[in-house]
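Work through the exercises below with the sequence and the model at hand. Each task is followed by a solution in steps.

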Amino acid sequence: MHEIEPGYSGLPVSDPKQQELDVSRWRKAERSRQIASRLALPSEQRRVHGKRIAGHLKKLIGDAAEQVVSAYWPFRGEPDLRSLMTALAFDGARTALPVVIERGRPLVFRLWKTGDRLEKGVWNIPVPADGAVVVPDVVIAPVVGFDRENYRLGYGGGFFDRTLAATTKRPRVFGVGYSSAFMPTIYPQAHDIPMDAIITEQGEMRFDVGV
Ligand SMILES: Nc1nc2c(c(=O)[nH]1)N(C=O)[C@@H](CNc1ccc(C(=O)N[C@@H](CCC(=O)O)C(=O)O)cc1)CN2
Ligand SMILES: Nc1ncnc2c1ncn2[C@@H]1O[C@H](COP(=O)(O)OP(=O)(O)OP(=O)(O)O)[C@@H](O)[C@H]1O
């Protein structure tokens, strides 16, 4: 019997439960590594990269008037896009921030612009205190890591995947991060939903084969 035992050849055993566990353990380690490496970038470099990312996004978003654009309140060294939010609002967009209602549930998006009141949400992330709940046309999702197929590794709550899976009108979804967050693959699982594009300080990432 040992001849047909799956692990015998030294090849990975493809028990789905085991594979899920392996991926989740690997992701945990990769998250820590990625977050530590971006926090190790000099803050001036993060700032300059953030400005570049904001410039690329502004072009991709196009005419902001009438659009509802969700960004995020930056933490753990994420690119700071708050001045992009101000610029989009100036151009007539309605800007919003994501709010965690509860673990295991989709995010909701609430209107917020510079100067509006914030309160502390889950994990102490500032969230709009008064803004109405809206359905965004554009969602800007910060990445911890990204791969060549536009998959995003986040903080492990599964919030953006759950949110996109639950939407009826799918927004345009831009994953944003520094180019150093590139990973050859995040080992996408059935629940992972790819971003429409990944934007770094270098612009939109493209990994066309054979070019
Ligand atoms: N700036 C910003 N805001 C955001 C997000 C984001 O990625 N960036 N989110 C995007 O989803 C949501 C928050 N998601 C989060 C998910 C997990 C953790 C977190 O700290 N997790 C713990 C482990 C928790 C657990 O195991 O359940 C940790 O890492 O220590 C933080 C935020 C909404 N707001
Ligand atoms: N649509 C969904 N329905 C149910 N569970 C989901 C869904 N999407 C993700 N999950 C669960 O959420 C957990 C975390 O997922 P994942 O590792 O992809 O998080 P992440 O994308 O890195 O985090 P985040 O989006 O919060 O930044 C997984 O256990 C996954 O099974």
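For sorting residues by class, Ala, Val, Leu, Ile, Met, Phe, Trp, Tyr, Cys and Pro count as nonpolar, Asp, Glu, Lys and Arg as charged, and the others, Gly among them, as polar. The model is predicted.

**Exercise 1.** Determine how the shell around ligand 2 divides by class, and which helix gives the largest share of that shell.

Solution. Start with the residues that come nearest: of the 14 around ligand 2, these are Gly154, Gly157, Gly158, Asp161 and His191. Next, apply the classes to the shell, which gives five nonpolar, five polar and four charged residues. Finally, look at the elements: helix α4 (residues 159-166) supplies five residues, the largest share.

**Exercise 2.** Repeat the class count for the shell around ligand 1.

Solution. Tyr72, Pro98, Tyr155, Gly157 and Phe159 come nearest among the 17 residues around ligand 1. Sorted by class, the shell holds 13 nonpolar residues, three polar and one charged.

**Exercise 3.** Is Leu39 buried or exposed? Classify Glu78 as well.

Solution. Leu39 belongs to helix α1 (residues 16-39). Within 10 Å it has 11 other C-beta atoms; the limit for exposed is 12 or fewer, so Leu39 is exposed. Glu78 sits in the loop between β1 (68-70) and α3 (82-90). Glu78 is partly exposed because it has 19 C-beta neighbours inside 10 Å, and buried requires 20 or more.

**Exercise 4.** How far apart are Leu39 and Glu78 in sequence and in space?

Solution. In sequence the separation is 39 residues; C-alpha to C-alpha it is 8.7 Å. Leaving out residues up to four places away in sequence, Leu39 touches Arg76 and Gly77. An unreviewed UniProt entry lists Glu78 under "binding site".

Definitions and conventions. Residues numbered from 1 in each chain as written. Chains lettered and ligands numbered in written order. Predicted model: local features only at pLDDT ≥ 70, side-chain atom pairs only at ≥ 80, totals over all residues. Helix = DSSP H or I, 4+ residues; strand = E, 2+ residues; numbered from the N terminus. Contact = placed C-beta atoms within 7 Å. Near = placed C-beta within 6 Å. UniProt positions renumbered as here; feature names shortened; annotations may be inferred.
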